[in-house]
Amino acid sequence: MGVLVLNASMEPLHTVSVPHAVRMLVRRVAEIHEADTGAKFGHYPLPRVVRLVRYVVMKWRYSRPPRWSRRGVLQRDHHRCAYCGRPADTVDHVLPLSRGGARTSWLNTVACCARCNAAKGSRLLDEAGLRLLVTPHAPSWFELQA
Ligand SMILES: [Zn+2]
């Protein structure tokens, strides 16, 4: 299992091995952000997340939003239906695909419960009498981490 490395600004950068993370602690380039208190690696509590002491300029791929995925939409919306707030396990296209909505856009997809999804069908929000409780957005890497 890898150790997540956060930038000094708390943005996730990448994961490294436990020995690598401990070397970063020894060299004082990183500090422990979260550790497994029940376990040790040498003198250190077993790190789960470490944070860089100094800010490093993010490489381009980390400054871009994560790629769209169904799972990512559910995670971003905390598995809550965007229309009624109940537990959700489906993804709804706000502007339906049949009306030209984008299939894999963070901005056109929300977590949705089966009931609201069936009620909405391929209608627009106004037509279905539904309102969004959240504003769809491209998630940060951090939002999709947990
Ligand atoms: Zn719902």
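What share of the 146 residues in the protein is buried? Buried residues make up 35% of them. Keep in mind that this is a predicted model.

**Figure 1. The whole chain, with its 5 helices and 6 strands.** Reading from the N terminus, the order of elements is β-β-α-β-β-α-α-β-β-α-α. The C-alpha atoms take up a box of roughly 60 × 35 × 20 Å along the principal axes. The radius of gyration is 20 Å, while a compact globule of 146 residues would come out near 15 Å. About 9100 Å² of the protein is exposed, and carbon and sulfur atoms supply 55% of that area. As for contacts between residues at least 6 apart in sequence, 57% of them join residues at least 24 apart.

**Figure 2. Close-up of the zinc ion and its cysteine donors.** Four SG atoms do the job here, from Cys81, Cys84, Cys113 and Cys116, and they lie 2.3 Å from the zinc ion. The angles among the 4 donor atoms run from 103 to 115°, and the site is tetrahedral. Written as a sequence pattern, the donor residues follow C-x2-C-x28-C-x2-C. Cys84 belongs to the loop between α3 (70-76) and β5 (90-93), whereas Cys116 sits in helix α4 (residues 114-120), so this pair ties together parts that are 32 residues apart in sequence. The two also differ in cover: Cys84 counts as partly exposed because its relative accessibility is 31%, and Cys116 counts as buried because its value is 8%.

**Figure 3. Asn108, a buried residue in a loop.** Look for Asn108 in the loop between β5 and β6 (109-112). Its relative accessible area is 9%, so it falls under the 20% limit for buried. A polar atom of the Asn108 side chain lies 3.0 Å from the backbone oxygen of Ala102. With neighbours within four places in sequence set aside, the contacts of Asn108 are Asp92, His93, Val94, Leu95, Gly101 and Ala102.

**Figure 4. Arg123, in the loop between α4 and α5 (125-128).** Is Arg123 buried, exposed or partly exposed? At 35% relative accessibility, Arg123 counts as partly exposed. The side chain of Arg123 has a polar atom 2.5 Å from the backbone oxygen of Ala119. Not counting residues up to four places away in sequence, Arg123 touches Pro96, Arg99 and Ala128. Now pick out Phe142 as well: 19 residues separate it from Arg123 in sequence, and their C-alpha atoms are 33 Å apart in space.

**Figure 5. Arg28 and His78, each with a positive phi.** Most residues other than glycine have a negative phi. Arg28 has a phi near 60°, and His78 has a phi near 55°. Where are these residues along the chain? Arg28 is in the loop between α1 (18-26) and β3 (30-41), and His78 is in the loop between α3 and β5. Arg28 is exposed, at 69% relative accessible area. His78 is exposed too, at 62%. Both values pass the 50% mark, so both residues earn that label.

How values were computed:
Residues are numbered from 1 along each chain as its sequence is written. This is a predicted model: local features need pLDDT of at least 70, side-chain atom pairs count only at pLDDT 80 or more; totals for chains, interfaces and linings use all residues. Side-chain values use heavy atoms; hydrogens and water are left out. Donors are N, O and S atoms within 2.8 Å of the metal (3.2 Å for Na, K and Ca); water is not among the atoms, so sites may look incomplete. Four donors count as tetrahedral if all angles lie between 85 and 135 degrees; four count as square planar and six as octahedral if opposite donors are over 155 degrees apart and all others between 65 and 115; anything else is irregular. Helices (H or I, at least four residues) and strands (E, at least two) are DSSP runs, numbered from the N terminus. Buried means under 20% relative accessible area, exposed over 50%, partly exposed in between (1.4 Å probe, protein chains only). The radius of gyration is taken over C-alpha atoms; the globule rule is 2.2 Å times the number of residues to the power 0.38. Contact means heavy atoms within 4.5 Å. Accessible areas come from the Shrake-Rupley method with a 1.4 Å probe; for residues, only the protein chains shown count as cover. A polar contact is a pair of N or O atoms within 3.5 Å; within protein, one must be able to donate a hydrogen and the other to accept it, and residues adjacent in sequence count only if both atoms are side-chain atoms.
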